[in-house]
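This report walks through a single protein chain, moving from one helix to two sheets and then to the annotated positions. Please keep the sequence and the structure in view while reading.

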Amino acid sequence: MDEQATAEEEQEGEAAGLRKIIHVDMDAFFASVEQRDNPELQGRPVAVGGSSGRGVVAAASYEARKFGVRSAMPSVTAKRLCPDLIFVKSRFDAYREVSQQIRAIFRHHTELVEPLSLDEAYLDVTEDRLGIGSATRIAQMIRQEIKAKTRLTASAGVSYNKFLAKLASDQNKPDGICVIRPGQGADFVQSLPVRRFHGVGPKGAEKMARLGIETGADLAGKDIAFLRANFGSFADYLYRAARGIDLRPVRSNRIRKSVGGERTFSEDISSGPALRETLENIVDIVWERIERAEAKGRTVTLKMKYTDFQIMTRAKSLSENVRDKAHFAQIGRALLEESLPLPLPIRLMGLTLSNLEGVEKKVVRDEAQLRLL
């Protein structure tokens, strides 16, 4: 989809009663801040996170991504893929400071801002504060303002619903914009691999492939009964998504309920050492998500799925918020030790922080957990 929207197309969207939604996503945010603040890192492969044997990549620069380095990847794997990779420790105070600058830019254009994390947000500009009228023009202005004030780049997706806007923001990364106009959503979605659909992880994509579903078009060809039989409660979302339909409004005051992650193993595990090592990896990833979301909470929940697909959960609630990563890890380890020895091997482990009191209570994300597969 090209970048320029005509006045006629904007008016057509208004006449049809469609929303004007922008999804803004900062490009390799943590790594880009580090490169900006340290000129020696510019143009070099950078990973934010710990370089120790148990460390995990929190973010990777685009130079590192060319080698296959990705967030949530074990640091040892990242170093093997990119021997020249430079690890830097995360600086969340610096990231939050930049995030506040970016959110001020958003709110200059609309009060309907739904932050997803420090580095991305939905904006509803159907009625923008400056009376510009064109969502595409507003997105271009926001990207220019971000670059001028932070010396960082952002990508944007513009469309008539949240699902399409988020897909569009990924389309021309980094430092790009993509517009999906009224009437184009269904066609745009049909050409995409289902792995691009929010909520469809590698395991889900594998299951779909076994059922002959690899693209949006394949998914749209399945009726709702088939989808419900194979995907349960996820079916309604998939049915709508395959047709480019999303009726969710942008909500600036929606409270997040939990932050967590879970990992499905390629092989079932049951030994204490393997379970403990897996838990440490999940702690690293989930705590980075907690800091990114600026979340504070009082309940930690451990989830394990046995090989017979039965799910076991253990939780501990505190009288005050979890203090820091070390405290979070300590509680997770205690919950695991209480569960040992396991009656059966497990195929999945997850850890979640809930009972939240977000530092900024309007931070949201439209899911209960962040899947880390």
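Which residues of helix 6 are buried? In this predicted model, the buried residues of helix 6 are Ala135, Thr136, Ile138, Ala139, Gln140, Met141, Ile142, Arg143, Glu145, Ile146 and Thr150. Helix 6 itself comprises 16 residues, 135–150, and spans 22 Å from its first C-alpha to its last, close to the 22 Å expected at 1.5 Å a residue. Just after helix 6 comes Arg151, whose phi is positive, near 60°.

**The sheet of three strands**

An open sheet with mixed pairing is formed by 3 strands, arranged in the order 3-2-4. Strand 3 (57–60) and strand 4 (86–88) each have a single partner strand and stand at the edges, so one side of each is left without a neighbour in the sheet. Neighbouring strands here are turned against each other by 30° on average, direction ignored. Strand 2 (residues 46–49) runs parallel to strand 4, and 3 bridges join the two; Val46 has Ile86 in strand 4 as its bridge partner. Across strand 2, strand 3 and strand 4 lies helix 2 (residues 29–37), which runs at about 115° to strand 2.

**The sheet of five strands**

A further open sheet, again with mixed pairing, has 5 strands in the order 5-6-1-7-8. Its edge strands are strand 5 and strand 8 (177–179), each of which pairs on one side only, and the twist from one strand to the next averages 15°. Strand 5 and strand 6 are paired in the antiparallel sense over 4 bridges, and Glu114 has Tyr122 in strand 6 as its bridge partner.

Leu112 belongs to the loop between helix 5 (92–109) and strand 5 (113–117). Apart from neighbours within four places in sequence, Leu112 is in contact with Tyr122, Leu123, Asp124, Val250 and Ser252. Of these contacts, Ser252 is 140 residues away from Leu112 in sequence, yet the C-alpha to C-alpha separation in space is 5.5 Å.

**The annotated positions**

An unreviewed UniProt entry carries the annotation "active site" at Glu120, and its annotation "binding site" covers Asp25 and Asp119. Although Asp25 and Asp119 are spread over 95 residues of sequence, they cluster in space, with a largest C-alpha distance of 6.0 Å. The table gives the relative accessibility of these positions, together with that of Leu112.

| Residue | Relative accessibility | Class |
|---|---|---|
| Glu120 | 9% | buried |
| Asp119 | 10% | buried |
| Asp25 | 12% | buried |
| Leu112 | 31% | partly exposed |

Glu120 is placed in strand 6 (residues 120–124), and its side chain is joined to that of His23 by a polar contact of 2.7 Å. Asp25 is located in strand 1 (residues 21–26), whereas Asp119 sits in the loop between strand 5 and strand 6.

Which residues does Asp25 touch, not counting residues up to four places away in sequence? They are Asp119, Glu120, Ala154, Ser155, Ser169, Asp170 and Lys173, so that the list for Asp25 includes both Asp119, which shares the "binding site" annotation, and Glu120, which carries the "active site" annotation. Asp119, with its neighbours within four places in sequence left aside, is in contact with Val24, Asp25, Met26, Phe29 and Arg292.

Terms used. Residues are numbered from 1 along each chain as its sequence is written. This is a predicted model: local features need pLDDT of at least 70, side-chain atom pairs count only at pLDDT 80 or more; totals for chains, interfaces and linings use all residues. Side-chain values use heavy atoms; hydrogens and water are left out. The expected span of a helix is 1.5 Å times one less than its number of residues. Buried means under 20% relative accessible area, exposed over 50%, partly exposed in between (1.4 Å probe, protein chains only). Two strands pair if DSSP finds at least two bridges between them. Axes are lines fitted to C-alpha atoms, for helices over the stretch in contact, and angles run from 0 to 180 degrees between N-to-C directions. Contact means heavy atoms within 4.5 Å. UniProt positions are given in the numbering used here, feature names are shortened, and annotations may be inferred rather than shown by experiment. A polar contact is a pair of N or O atoms within 3.5 Å; within protein, one must be able to donate a hydrogen and the other to accept it, and residues adjacent in sequence count only if both atoms are side-chain atoms.
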